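The following exercises are to be worked from the sequence and the coordinates. Each task is followed by a solution in steps.

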Amino acid sequence: MTSGIGRMTLITVGVIALILGGIWTGQGMNLIPGSFMTGSRMWLSIGLILAIVGIILIVLGLRRPGHGHTNT
């Protein structure tokens, strides 16, 4: 897998995780009704954690390799 494909994969998975995390957080906070997750603190926590993981993956995917980085 080339560096470009790996970075794009990180960004794509990160965006999906961020979107799902945002939806689950909204449901857990009772902002998005109509689901068994609505108003549940458990889904609020899961959503926040998933959103944070998504942000981390996006940042890692967007980072440029350092000058001392060698491709093996």
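**Exercise 1.** Which residues does Gln27 touch, not counting residues up to four places away in sequence? Determine also whether Gln27 is buried or exposed.

*Solution.* The model is a predicted one.
Step 1. Locate the residue: Gln27 belongs to helix H1, which spans residues 3-28.
Step 2. List its contacts, leaving out residues up to four places away in sequence: Gln27 touches Ile32, Ser35, Met37, Thr38, Gly39 and Ser40.
Step 3. Classify the exposure. The relative accessible area of Gln27 is 9%, and buried means under 20%; Gln27 is therefore buried.

**Exercise 2.** How many aromatic pairs does a search of the whole structure find? Describe the geometry of each pair and the exposure of its members.

*Solution.*
Step 1. The search of the whole structure yields two aromatic pairs.
Step 2. One of them joins Trp24 and Trp43, with 5.3 Å centre to centre and 70° between the planes, and is edge-to-face. This pair connects distant parts of the chain, as Trp24 lies in helix H1 and Trp43 in helix H2 (residues 41-62), 19 residues apart.
Step 3. Trp24 has a relative accessibility of 21% and so counts as partly exposed, whereas Trp43, with a relative accessible area of 16%, is buried.
Step 4. Phe36 and Trp43 also form an edge-to-face pair, at 6.0 Å centre to centre with 85° between the planes. Phe36 is exposed, because its relative accessible area is 67% and exposed means over 50%.
Step 5. Taken together, the ring pairs link Trp24, Phe36 and Trp43 into a cluster.

**Exercise 3.** Which residues make the nonpolar surface patch of about 690 Å²? Explain how Ile23 meets the accessibility condition for patch membership.

*Solution.*
Step 1. The patch is made by Val15, Ile16, Ile19, Leu20, Ile23, Met29, Leu31 and Ile32. Ile32 is also among the residues that Gln27 touches.
Step 2. Ile23 is situated in helix H1 and counts as partly exposed because its relative accessibility is 36%.
Step 3. Patch residues need over 30% relative accessible area; at 36%, Ile23 therefore meets this condition.

**Exercise 4.** What distance separates the C-alpha atoms of Gly4 and Gly61? Classify the exposure of Gly4.

*Solution.*
Step 1. Although Gly4 and Gly61 are 57 residues apart along the chain, their C-alpha atoms are separated by 9.1 Å.
Step 2. Gly4 is part of helix H1.
Step 3. With a relative accessibility of 48%, Gly4 counts as partly exposed.

Definitions and conventions: Residues numbered from 1 in each chain as written. Predicted model: local features only at pLDDT ≥ 70, side-chain atom pairs only at ≥ 80, totals over all residues. Heavy atoms only, no water. Patch = residues over 30% accessible without salt bridge, like charges linked within 9 Å, V, L, I, M, F, W, Y side chains within 5 Å. Areas by Shrake-Rupley, 256 points an atom, 1.4 Å probe, with all protein chains shown as cover. Salt bridge = Lys/Arg side-chain N within 4 Å of Asp/Glu carboxyl O. Helix = DSSP H or I, 4+ residues; strand = E, 2+ residues; numbered from the N terminus. Buried < 20%, exposed > 50% of the residue type's maximum accessible area, 1.4 Å probe, protein only. Phe/Tyr/Trp six-rings, centres within 6.5 Å; stacked < 30°, edge-to-face > 60°. Contact = heavy atoms within 4.5 Å.
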